[in-house]
Amino acid sequence: MTTFRRVLIALLLTGASVSRAASQTTPSASPYASLRRPTTTWSQADREIGFAHWDSIFPSRDVPRGTTVHPLPRGAPIGAFAPGTENAAWLDAYFTAQHVAGLLVLQDGRIRLERYALGYDSTMRWTSQSVSKSITSTLVGAALKDGSIKSLDDPVTRYIAGLRGSAYDSVTVRQLLTMTSGVRWTEVYTDTTSDVWRFYAERAPPGMTRTVSYMRKLPREAPPGTKWVYKTGETHLLGVLVSEATKKPLAQYLSEKIWAPYGMEHDAAWQIDPTGSELAGCCLHVALRDYARFGQFILDGARIDGRPIVPGWYLDSATSPQVETTIPGRGYGYQWWTSSGRRFSAVGIHGQMIYIDPARRLIIVMSSAWPDATSPACAAVRTTASRYASS
């Protein structure tokens, strides 16, 4: 097996106006109605359909694009993928075996590789899964820059009144960002007694979001700031916090701060729960090129027209290791996975990925429906991406 193929295997395995931003879609007579059930019960065929039609299955709120599109010009193709080569045949087989819908490599702001499958193309959207956590983190930074959030060291109860009197009383915004609240949460996708399952069955009392209703009942297991546990529910809480602080739906705030002014090509959609609150820890519906544009936006310092939308220090902190994780070789920043060499990633189950290598000016995005829900270790991405860019 060639060095290039080893590198590639390791890498791959691992204009609407803002006024429309609050509009939402509630699917009714959808041809995909049978998929309105926990996604952990979906078959492989269900995933390939459902991931591409998420907003036709689950209620969502629009994230409108703007009137201009940020260009993604073509760069030099990666020669190793030239038609008829052994590596091109291998990539064909990989797409088939791993149920990849789209792969895009952006370097120096130019597309070096773009590939689609499963009936998916550049005009279509695909669900983000937990990639949206890193986008939510960026919105926290934007709310800091705006002054809507005063400090990361503020207690979360300053912004979410419904958490007062709960285990979150002494938890800070920073500890939510790093998933070190010390509040107990279990995230086991195959266990129906896990919090990540039970959360979605919660019925909230009037005037309270489902997220707050569920999370306020959880007990404490460790002092705040002392234990890292991966918790999708706490990213949902960050979404509520941003909405409460800015007095805007999260989808609207995303449109106003990033989607429209940066120049995304397509509207996005963000799933909402039965109480109308965006599920900030997952479930953005985005086109592959717009995932790449978001990566470029971050790589360029979260700037629009030369002006940063987050505080000058925030992005560096967000994409640097703030805490150790239980996964060897992987750190955690503010809702970003981190690694050596200042590389960082947004990662979701079933193969969703935005990988950023600042030293190489390299962005790799993938939309997929991997048969195995758990994304392979990002360590492979971290250690091989720079060599891949050089191939």
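**The hairpin of strands 14 and 15**

Begin by selecting Arg 361, which takes a positive phi near 50° in the hairpin of strand 14 and strand 15. Four residues lie between the two strands of this hairpin. The model on display is a predicted one. Next, show strand 14 (residues 352-357) together with strand 15: the two pair in the antiparallel sense over five bridges. To see one point of contact, select Ile 356, which stands opposite Ile 363 in strand 15.

**Strand 15**

Keep strand 15 (residues 362-368) selected and display its side chains. How many of its seven residues are buried? Seven of the seven are, so the strand is largely enclosed by the rest of the structure. Leu 362, Ile 364, Met 366 and Ser 368 point one way from the strand. Ile 363, Val 365 and Ser 367 point the other way, and the residues of both sets are buried.

**Strand 3 and its two partners**

Now add strand 3 (residues 100-107), which pairs with strand 15 in the antiparallel sense over seven bridges. Two residue pairs serve as landmarks here: Val 105 has Ile 364 of strand 15 as its bridge partner, and Val 100 has Ser 368 of strand 15. Strand 3 is itself mostly covered, with eight of its eight residues buried.

Strand 3 also pairs with strand 4, again in the antiparallel sense, over six bridges. Select Leu 104 and Glu 114 to view a bridge between them, with Glu 114 in strand 4. The hairpin of strand 3 and strand 4 has two residues between the strands, and Asp 108 in this hairpin takes a positive phi near 55°.

**The whole sheet**

Widen the view to the sheet. Strands of a sheet pair through backbone hydrogen bonds, either parallel or antiparallel. Here eight strands form an open sheet with antiparallel pairing, in the order 4-3-15-14-13-12-11-10. Which strands are at the edges? They are strand 4 (110-116) and strand 10 (323-324), each of which pairs on one side only.

**Aromatic pairs**

Colour the aromatic residues next; a search of the whole structure finds 23 aromatic pairs. Select Trp 42 and Phe 58, whose ring centres are 6.3 Å apart with planes at 15°, so the pair is stacked. Trp 42 lies in the loop between strand 1 (24-25) and helix 2 (44-50), and Phe 58 in the loop between helix 2 and strand 2 (60-63), so the pair ties together parts that are 16 residues apart in sequence. Trp 42 counts as buried at 4% relative accessibility, and Phe 58 counts as buried at 12%.

A second stacked pair is found at Tyr 230 and Trp 337: the ring centres are 5.9 Å apart and the planes stand at 20°. This pair links distant parts of the chain, 107 residues apart. Tyr 230 is in the loop between helix 7 (210-215) and helix 8 (232-246), while Trp 337 is in strand 12 (residues 337-338). Both Tyr 230 and Trp 337 are buried.

Return to Trp 42 and extend the selection to Phe 51, Trp 54, Phe 58, Tyr 116, Tyr 120 and Trp 126; ring pairs link these residues and Trp 42 into a cluster.

**Charges over rings**

With Trp 337 in view, add Arg 330. The charged end of Arg 330 sits over the ring of Trp 337, 3.9 Å from its centre. Then move to Phe 95 and show Arg 115, which lies over the face of Phe 95 at 4.8 Å from the ring centre.

**Gly 162**

Select Gly 162, in the loop between helix 4 (132-146) and helix 5 (173-177). Is Gly 162 buried or partly exposed? Its relative accessible area is 21%, and buried means under 20%, so Gly 162 is partly exposed. Add Met 215: the C-alpha atoms of Gly 162 and Met 215 are separated by 9.7 Å, although the two residues are 53 apart along the chain.

**The largest pocket**

Finish at the largest pocket, which has a volume of about 820 Å³. Which of its 34 lining residues are the closest to its centre? Select Arg 37, Pro 38, Thr 39, Thr 40 and Tyr 200 to display them. By class, the lining of this pocket has 17 nonpolar, ten polar and seven charged residues.

Note on methods: Residues are numbered from 1 along each chain as its sequence is written. This is a predicted model: local features need pLDDT of at least 70, side-chain atom pairs count only at pLDDT 80 or more; totals for chains, interfaces and linings use all residues. Side-chain values use heavy atoms; hydrogens and water are left out. On a 1 Å grid over the protein atoms alone, a cavity is a set of points where a 1.4 Å probe fits but cannot get out, and a pocket is an open set with protein on both sides within 12 Å along at least five of seven lines; lining residues have an atom within 4 Å of a point. Grid points are joined across faces, edges and corners, and a volume is the space filled by probe spheres set on the points. Ala, Val, Leu, Ile, Met, Phe, Trp, Tyr, Cys and Pro count as nonpolar, Asp, Glu, Lys and Arg as charged, and the others, Gly among them, as polar. Rings of Phe, Tyr and Trp (its six-membered ring) pair if their centres lie within 6.5 Å; planes under 30 degrees apart count as stacked, over 60 as edge-to-face and the rest as tilted. Buried means under 20% relative accessible area, exposed over 50%, partly exposed in between (1.4 Å probe, protein chains only). A charge sits over a ring if NZ of Lys or CZ of Arg is within 6 Å of the ring centre and within 35 degrees of the ring normal. Two strands pair if DSSP finds at least two bridges between them.
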